[in-house]
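Me: I am still learning to read structures, and I would like a careful look at one part of this one, namely its loops and what they lead to around the ligand. Please take your time and connect the points as you go.

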Amino acid sequence: MIEEIAKNLVELKKEFVRVYDGKSQIQEVIPKSKSDLFPIDEYHLELLHEFATKNPIYYNSFEKQIGTVNCIVYEGDINKYWLNSIQQGSSKAPFSPTWIMSGYVGALLAKELGYTEIIDIGSGDGRIAFVAKILDMESYSIEIDDMLVDLQNLLTGILDFHPYCSDAVTFDYASLNLTRPAFFIGGLAQMGGISLASGVLKSIKSISNLDGKTGWVFAGTLSKKYAPDAKNEAGWGTLIEDNNLKSVQSISLPTAWTLHESDETPYIFAESN
Ligand SMILES: C[S@@+](CC[C@H](N)C(=O)[O-])C[C@H]1O[C@@H](n2cnc3c(N)ncnc32)[C@H](O)[C@@H]1O
């Protein structure tokens, strides 16, 4: 069912790109209500809309029929957050968001794979941690940029997804008392993601009770503008092998940075070998 929703979301995005004639810097869509293509709990959908409505990134929204799906389109601008995020000394990746619906589908899959906590590493506006909380998972959001963490704190009134303003590489993960966490790494391998993921992997290796219990979700790219990784996995193959992980599933989902590309963002789910 999760793969079907992911496929339907990709089709929805393609149709949206075909019919959208607005000029906003970023935009995304969320189905207005439950349907055969999007059999999502109505209350979950309500919370996804509330996250977008209260999020200062978005300055406009309107209802639009996209294909057969009645949706709300959210239009926004991330310029000032993007600029602030690249000014952080130890930043490994600039801010650009995945789609809220993509975060939801990714969290659904993490839950199905048995994870009970999601740690959103390089969390931007905290959307992946937020959607995990909708699914009754525990979640934590680690973001280096203070302006983005201030934004996240505006949204914790809906659901508290525990934002921390910290460099994810030096963060004290032992303090969270994790038991079965999935770490979503917010950065392409070729754009600083390897360094971010390597730092977090090293910290987690020192927590003995997590040995063999962690999941890793890497945002990949199929774009030809990056040199391919010798071990593939959308840029993550070498890191996966070097850290004795194995890829267990991959799911393609829309993100802000692939809006006008034909390939979506492959999210690679990996676990201990
Ligand atoms: C591509 S964005 C991803 C945002 C979010 N995870 C999403 O998918 O919508 C990467 C984010 O990582 C943050 N970041 C970069 N280096 C970091 C670090 N060392 N520690 C914590 N956050 C970091 C950036 O400020 C930015 O907001």
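Reply: Before we can place a residue in a loop, we need to know that helices and strands are taken here as DSSP runs, at least four residues long for a helix and at least two for a strand, and that they are numbered from the N terminus. With that in hand, we can say that Ala234 lies in the loop between β8 and α8, and please keep in mind throughout that this is a predicted model.

Asn232 is found in that loop too, where β8 covers residues 215–219 and α8 covers 237–242. The backbone is worth a look at this point, since Asn232 has a phi near 60°, a positive value in a residue other than glycine, and Ala234, which is not a glycine either, has a positive phi of about 55°. Their surroundings can be told apart by accessibility: Asn232 counts as exposed because its relative accessibility is 51% and the class begins over 50%, whereas Ala234, at 12%, counts as buried because that class takes in values under 20%.

A second loop runs between α4 (100–112) and β4 (117–121), and Gly114 is found in it. Gly114 has a relative accessible area of 34%, which makes it partly exposed, since that class lies between the two cut-offs of 20% and 50%. For a sense of distance, the C-alpha atoms of Gly114 and Gly192 are separated by 28 Å, with their positions 78 residues apart along the chain.

Moving on past β4, we reach the loop between β4 and α5 (127–134), in which Gly126 lies. Gly126 counts as buried because its relative accessibility is 0%, and Arg127, placed in helix α5, counts as buried as well, at 3%. Leu155 gives a useful reference point for this pair: Gly126 is 29 residues from Leu155 in sequence and 8.7 Å from it in space, C-alpha to C-alpha, while the C-alpha atoms of Arg127 and Leu155, 28 residues apart along the chain, are separated by 9.5 Å.

From the loops we can turn to the ligand, which sits in the largest pocket. The shell around the ligand has 9 nonpolar, 10 polar and 5 charged residues, and of these 24 residues around it, Lys92, Gly122, Glu143, Asp167 and Ala168 come nearest. Three of those names return when we look at single atoms. An oxygen atom of the ligand is 2.6 Å from an N or O atom in the side chain of Glu143, and a nitrogen atom of the ligand is 2.9 Å from an N or O atom in the side chain of Asp167. With Ala168 the partner is in the backbone instead, where a polar atom is 2.8 Å from a nitrogen atom of the ligand. The ligand taken alone exposes 600 Å², and the protein buries 97% of that area.

To bring the picture together, the loop between β8 and α8 holds an exposed Asn232 and a buried Ala234, the loop between β4 and α5 holds the buried Gly126, and the ligand, in the largest pocket, has 97% of its area buried by the protein.

How values were computed:
Residues numbered from 1 in each chain as written. Predicted model: local features only at pLDDT ≥ 70, side-chain atom pairs only at ≥ 80, totals over all residues. Heavy atoms only, no water. Near = heavy atom within 4 Å. Polar contact = N/O pair within 3.5 Å; in protein donor to acceptor, adjacent residues only side chain to side chain. Areas by Shrake-Rupley, 256 points an atom, 1.4 Å probe, with all protein chains shown as cover. 1 Å grid on protein atoms, 1.4 Å probe; cavity = no way out; pocket = protein on both sides within 12 Å on 5 of 7 lines; lining within 4 Å. Sits in = over half its atoms within 2 Å of the grid points. Nonpolar A, V, L, I, M, F, W, Y, C, P; charged D, E, K, R; others polar. Buried < 20%, exposed > 50% of the residue type's maximum accessible area, 1.4 Å probe, protein only.
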